[in-house]
Amino acid sequence: MQAYSHSYLCNLIMPLVESYWLSLVYLIDNKDQEIDEDSLYFRIQWLAETLHEEGQCRFYESCSLDLITNAIRKFTKIGFLERSEKPG
């Protein structure tokens with residue numbers, strides 16, 4: 001019973017952790033670029049799906065746009081990301 005609950009919890013939490021990790025990987029690789037917020041989510045999702053197809057990511061749920069959006073919002077809230085205003 002304990003092994004089952006451990007496995008259940010891992011499968012519940014790991015997609016969340018993996019989506020945050022994928023978001024960080026994308027942000028670190030593109031740290032010198034200024035990216036539109038809407039396209040940022042889709043670019044991270046594309047990366048996540050590509051890595052999942054290659055077998056680098058275990059959980060397809062990590063590609064969820066909701067999880068990626070939450071990760072970016074959390075990174076912005078803690079000051080890891082900074083939102084810039086559009087000129088004009």
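I began with the outer face of helix 2, where Asp38, Trp46 and Glu53 are exposed and sit on the face turned away from the buried side; here exposed means over 50% relative accessible area, buried under 20%, and partly exposed in between, with a 1.4 Å probe and protein chains only. I note that this is a predicted model, in which local features need pLDDT of at least 70 and side-chain atom pairs count only at pLDDT 80 or more, while totals for chains, interfaces and linings use all residues. Residues are numbered from 1 along each chain as its sequence is written, and side-chain values use heavy atoms, with hydrogens and water left out.

I then listed the buried residues of helix 2, which are Leu40, Tyr41, Ile44, Gln45, Leu47, Ala48 and Leu51. They lie on the same side of helix 2 because they cover an arc of only 160 degrees around the axis, the arc being that of the directions from the helix axis to the C-beta atoms. Helices are DSSP runs of H or I with at least four residues, numbered from the N terminus.

I looked up Ile44 next: it belongs to helix 2 (residues 37-53) and counts as buried because its relative accessibility is 0%. Not counting residues up to four places away in sequence, Ile44 touches Leu22, Ser23, Tyr26, Ile68 and Ile72, where contact means heavy atoms within 4.5 Å.

I turned last to Ser19, which is found in helix 1 (residues 2-29) and is buried, with a relative accessible area of 0%. Leaving aside neighbours within four places in sequence, Ser19 is in contact with Ser62 and Leu67.

Definitions and conventions:
Helices (H or I, at least four residues) and strands (E, at least two) are DSSP runs, numbered from the N terminus.
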